[in-house]
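Biologist: I should like to learn how to read a model of this kind. May we take the features one at a time?

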Amino acid sequence: MLDKINQLVEEIKELKAASAEEAEQLRIKYLSKKGQVSQLFDEFKTIANEQKREVGKELNILKNKAQDKINQIKEEFAASAQSQVGLDLTLPGTSAPLGSRHPLSVVKNEIADIFGRLGFTIAEGPEIEDDHHVFEALNFPPEHPARDMQDTFFIATNPDVLLRTHTSSVQVRVMEKQQPPIRSIFPGRVFRNEAISARAHCIFHQVEGLFIDKNVSFADLKQTLLYFSKEMFGQDTKIRLRPSYFPFTEPSAEMDISCTLCGGKGCNVCKYTGWVEILGCGMVDPAVLKSNNIDSEAYTGFAFGMGIERITMLKYQIKDIRLFFENDVRFLEQFKSAH
Ligand code: PHE
């Protein structure tokens, strides 16, 4: 039996494996329950007692050597597997993609920048509003048909709790807290119960502007909007004001800019008119000043409201408003910008 042990000791010294699987095969061949070393332990039970002392010692040495050798082979493979996965310092790193601002944020920030240069500050108000701030204080009496122009979402069963349909509600919140001079813009999200299509959405964004001071005239409104339009769409941009109606402004107007695509020659963006509408505006109705405790004899003011989606679509020639709400990275990552 000692011969067999010595023979295995020699055999084990020379063991080699070409892969982790082969190393495992070696373990099975020598050390598993039916492996060659284990078999010798079985045989050991049958030998004469006088021999047990000497043979047992050699057998244990064999077992230790076999375990050491096979563990050593296995460790080599484990180490090289690890270096393949994690330790190759020459591998290029995985780069984390740089995010970009949402196009609506880019344009909102640009609008804020432009009006900031004219001295307008920024204020915000709540999206969940009440009838008073969205309608009543803006000269929409109860049952006024103009309320139908804005398809309002009401919350639960209380008709006094609603989602604001325009950022004009922030005009009221600011007038409540502040006496003129007021020169601010109010960006924010608004909600209207409209069918979603390529051109309309039930959620969109507006920027409202309010300027109240002594001797503010329609000419100031016109000049402010002309400056904005040129800064936003390019110095060649022209504006046109058409008479319109809003309960809270008098006189009221809608403003068009010369078409951003054809420059006024006529194309399918401007439906061959050369003009595209971008905002509503007007002189703040004295009744609105009065109901918000501002002296309508001493002060006059103008207000305007524009849709950020619309401005963004015109500026970047985006054909479908739904793209803004789908968060498809392929769309969003095209708007890397300083703003
Ligand atoms: N609130 C109006 C709208 O949503 C826009 C507007 C704002 C008109 C301010 C005049 C003055 O259509």
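**Ligand site and cores**

Modeller: Around the ligand are 14 residues, of which the closest are His166, Ser168, Arg192, Gln206 and Glu208; a residue counts as near if one of its heavy atoms lies within 4 Å. This is a predicted model, in which local features need pLDDT of at least 70 and side-chain atom pairs pLDDT 80 or more, while totals for chains, interfaces and linings use all residues. Residues are numbered from 1 along each chain as its sequence is written, and side-chain values use heavy atoms, without hydrogens and water.

Biologist: Which ligand atom does Ser168 approach with a polar side-chain atom?

Modeller: A polar contact is a pair of N or O atoms within 3.5 Å. Ser168 places a polar side-chain atom 2.9 Å from a nitrogen atom of the ligand. For Arg192, a side-chain N or O atom is 2.9 Å from a ligand oxygen atom; for Gln206, the distance to a ligand oxygen atom is 3.0 Å.

Biologist: Which residues touch the most other members of the largest nonpolar core?

Modeller: In soluble globular proteins, nonpolar side chains tend to be buried together. A nonpolar core joins buried Ala, Val, Leu, Ile, Met, Phe, Trp, Tyr and Cys residues through side-chain atoms within 4.5 Å, where buried means under 20% relative accessible area (1.4 Å probe, protein chains only). Here the largest core has 42 residues, and Phe228, Ile278, Phe304 and Met306 touch the most other members.

Biologist: What is in contact with Phe228, apart from neighbours within four places in sequence?

Modeller: Contact means heavy atoms within 4.5 Å. Phe228 meets Ile111, Ile114, Phe115, Ile278, Met306 and Ile311, with neighbours within four places in sequence left aside.

Definitions and conventions:
Buried < 20%, exposed > 50% of the residue type's maximum accessible area, 1.4 Å probe, protein only. Polar contact = N/O pair within 3.5 Å; in protein donor to acceptor, adjacent residues only side chain to side chain.
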